[in-house]
Amino acid sequence: MLAFRDPNQFRFKIFLLQLWFNHAYRIRISGSPIQGFERLEESLSEFNEKYPNANLMEINRLLEDSIESLSRNFYTPLTLTNLLISVQTLLRGKELQPVL
């Protein structure tokens, strides 16, 4: 509903998810805190410990695809369902299987 009623708000929330996953990836790679995000460092580190094999770059790409799907007039409920299933798979460290 949010994507239909307020696309800008929907994009913003997806962007926040991207930002969070991006910071988790940066902490995983560098091991050092990100300036301005010290308050989130503990939760990001816990996330990285819980999901050490998660493919965070691919999750970021999927989130970007979700944002683009709005402008392409894709069926949003199906896009979001696919996003959630794909993110679960990537968090487990597995690769996505091609659909076609």
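Residues 24 or more positions apart supply 59% of the contacts in the protein that have a separation of 6 or more. That is a handy way into this structure, which is a predicted model. The protein has 5 helices and 0 strands, so-called α-α-α-α-α when read along the sequence. Its C-alpha trace spans about 40 × 30 × 15 Å along the principal axes. Of the 100 residues, 28% count as buried. The exposed surface comes to about 7300 Å², with carbon and sulfur atoms supplying 55% of it. As for charge, there are 11 positive and 11 negative side chains, and the centres of the two sets sit 6 Å apart.

Now for how the helices pack, starting with helix 2 and helix 4. The axes of helix 2 and helix 4 lie 9 Å apart, at an angle of about 170°. An angle over 145 degrees counts as roughly antiparallel, and helix 2 and helix 4 are therefore roughly antiparallel to each other. On the helix 2 side, the residues that meet helix 4 are Pro7, Phe10, Arg11, Ile14, Phe15, Leu17, Gln18, Phe21, Ala24, Tyr25 and Arg28. Facing them from helix 4 are Leu56, Met57, Ile59, Asn60, Leu63, Glu64, Ser66, Ile67 and Leu70.

Helix 4 also has helix 5 as a partner. Helix 4 (residues 56–71) and helix 5 (residues 76–91) have axes 10 Å apart and pack at about 175°. That angle makes helix 4 roughly antiparallel to helix 5. Helix 4 brings Glu58, Ile59, Leu62, Leu63, Ser66, Ser69 and Leu70 to this contact, while helix 5 brings Thr76, Thr79, Leu83, Ser86, Val87, Leu90 and Leu91. Ile59, Leu63, Ser66 and Leu70 appear here, and these four helix 4 residues also turn up in the meeting with helix 2.

Two of those residues are worth a look on their own. Leucine 63, in helix 4, has a relative accessible area of 2% and is therefore buried. Setting aside neighbours within four places in sequence, leucine 63 is in contact with Ile14, Leu17, Gln18, Phe21 and Leu83. Among these partners, Ile14, Leu17, Gln18 and Phe21 are on the list of helix 2 residues that meet helix 4, and Leu83 is one of the helix 5 residues in contact with helix 4. Leucine 63 and arginine 92 are 29 residues apart in sequence, and their C-alpha atoms are 17 Å apart in space.

Serine 66 sits in helix 4 too. With a relative accessible area of 3%, serine 66 is buried. Outside its neighbours within four places in sequence, serine 66 is in contact with Phe10, Thr79 and Leu83. Phe10 belongs to helix 2, whereas Thr79 and Leu83 belong to helix 5.

Helix 2 and helix 3 meet in another way. The axes of helix 2 (residues 7–30) and helix 3 (residues 41–50) come within 9 Å and cross at roughly 75°. That crossing makes helix 2 roughly perpendicular to helix 3. Trp20, Phe21, His23, Ala24, Ile27 and Arg28 in helix 2 are the residues involved, and they meet Glu41, Ser43, Leu44, Ser45, Phe47 and Asn48 in helix 3. Phe21, Ala24 and Arg28 in helix 2 meet helix 3, and these residues are also listed as meeting helix 4.

The loops have their own points of interest. Alanine 54 is found in the loop between helix 3 and helix 4. At 6% relative accessibility, below the 20% cut-off, alanine 54 counts as buried. Not counting residues up to four places away in sequence, alanine 54 touches Arg28, Leu90, Leu91 and Gly93. Alanine 54 and serine 43 are 11 residues apart along the chain, with their C-alpha atoms separated by 15 Å.

Asparagine 73, in the loop between helix 4 and helix 5, gives the opposite picture: its relative accessibility is 71%, and it counts as exposed. Phi of asparagine 73 is near 65°, a positive value in a residue other than glycine.

Finally, leucine 80 lies in helix 5. Leucine 80 is partly exposed, with a relative accessible area of 27%. Between leucine 80 and phenylalanine 37 there are 28 Å in space, C-alpha to C-alpha, and the two are 43 residues apart in sequence.

Terms used:
Residues are numbered from 1 along each chain as its sequence is written. This is a predicted model: local features need pLDDT of at least 70, side-chain atom pairs count only at pLDDT 80 or more; totals for chains, interfaces and linings use all residues. Side-chain values use heavy atoms; hydrogens and water are left out. Buried means under 20% relative accessible area, exposed over 50%, partly exposed in between (1.4 Å probe, protein chains only). Contact means heavy atoms within 4.5 Å. Accessible areas come from the Shrake-Rupley method with a 1.4 Å probe; for residues, only the protein chains shown count as cover. Lys and Arg count as positive and Asp and Glu as negative; His and the chain ends are not counted. The place of a charge is taken as NZ of Lys, CZ of Arg, CG of Asp or CD of Glu. Axes are lines fitted to C-alpha atoms, for helices over the stretch in contact, and angles run from 0 to 180 degrees between N-to-C directions. Angles under 35 degrees count as roughly parallel, over 145 as roughly antiparallel, 65 to 115 as roughly perpendicular and the rest as oblique.
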